[in-house]
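Visitor: I'm new here. Could you show me the structure and let me ask how you know things?

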Amino acid sequence: MRRKGDTELVTNEVKLLLAAISMTTSGGSEFHGYSLAKELVRLEGTQTPMAQSTLYRALRRLEERGALQSRWESVEESQADGRDGPPRRYYTITADGIAAAREAVARSEQASRASAWQTWVPSFEGR
Amino acid sequence: MTDIQDPRAIRNNDGGPSQPVRRDGAAVLSLAGWFDRALTWGLEPTEREEILRERESDRYEHVTDPDASMVSVVTRSVWSSLGDVWYRFVETEASALPLAIMFAIAGMGALVDTFTSDVSAMVGALQVITAIGYFALAAAGLRQPRVLQRVWLIPGLVLASFGTIAGAFVVPAAPNSGPFGWFFKLALAGLGIGLAIVAIALIRDGGSRKWIIRGGTVMWGSALVLAIGGIGWAIVDVPIYSTRLSSLMVAFAGVVGAAVITRMRNIEVA
């Protein structure tokens, strides 16, 4: 409904890219979905991480537009890391992703008034 | 606390001390997994398998995260399931269409009630004004995805808020609704006030973010009051089946309204 011919990022996509940039600049080259949601909680000071239904749809869209790349962790990697949990899907932000985030932030600053409805009902932000 | 020998123990995200999966966490993982399976039913098999795999991994990380409470795990799982239901119908979180449809239905309801119920001329006039306002709000959302058109939005907000607030005072409480009839009046007043707050915020300074958020929050709370009133009415008015059905429809409308409002965060005003 929205994505056809639409190149603009929606709010959640921008937030995820900013969280990805934050994690990359603090030393992590790869991150999994939950760690990204947790970083977002830290940046926004919210209580609950973004719901999986929203998070992974947004990550898929970002990957489709080339802003992120992903790979599944192998069993060997998981074992070498000493974890017993299911394999993780790791993401990295691309140069296109960084550029898209910068562009979205600049546009948001210019049109902050017009986009005020983006943050309706703040207690549900990020879910 | 730390038990590397425990087969359920894993390292946390930062490579810190291992945390066992608590029994209640395992139950949440299992239950949420079933919800995921149900809500992704019918998707293309490869895509579905990938979604389930990633969700399972995510929930495991969340449940074993020493910083996360079980309340946050459960809350997130519930919101995720509600989100899945939403996306099955709407495809994306950023569409103005559900809001437009909601107001179109509300407008139809007000109009139909005007001509089918035995209401006074004053109430009838208010319902027609409200219906026109709701139709304008619907038009604001139908013109373009993701964007509410200001040219339709502001007149719609003004008419709808006036009609709804006045209606809360003038429309009599539903018969046999007991104290829950007042819930409807309260919900109508709240909805009208919320619409008015948003209208004033848009008219006065082009869209004060703080006040639009407050207006949206008031509307959201009013929709929940409507839902509670509808459920209460259905309970106190048990002998009359058709009334109970109406009251449950009102409750359903309240729940749907609250859900629609919470998902509107990505909509813009043009």
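**Helix and strands, with reasons**

Guide: Start with the face of α4(B) turned away from its buried side: exposed B:V112, B:F115 and B:T116 sit there. The model is predicted, so local features need pLDDT of at least 70, side-chain atom pairs count only at pLDDT 80 or more, and totals for chains, interfaces and linings use all residues. Residues are numbered from 1 along each chain as its sequence is written, while chains are lettered from A and ligands numbered from 1 in the order in which they are written.

Visitor: Why is A:S74 called exposed?

Guide: A residue is exposed if 12 or fewer other C-beta atoms (placed from the backbone) lie within 10 Å of its own, buried if 20 or more do, and partly exposed in between. A:S74 has 10 within 10 Å, so exposed is the word. You'll find A:S74 in the loop between β2 (68-72) and α4 (75-80) of chain A.

Visitor: Which residues of α4(B) are buried?

Guide: B:L99, B:A100, B:M102, B:F103, B:A106, B:G107 and B:A110. They cover an arc of only 165° around the axis (taken from the directions from the helix axis to the C-beta atoms), which puts them on the same side of α4(B).

Visitor: How do you know that β1 and β3 of chain A pair?

Guide: Two strands pair if DSSP finds at least two bridges between them. Strands β1 (residues 31-32) and β3 (residues 89-93) of chain A have two bridges, in the antiparallel sense. In β3(A), A:Y90 is the bridge partner of A:H32, and A:R71 also stands opposite A:Y90.

Notes. Helix = DSSP H or I, 4+ residues; strand = E, 2+ residues; numbered from the N terminus.
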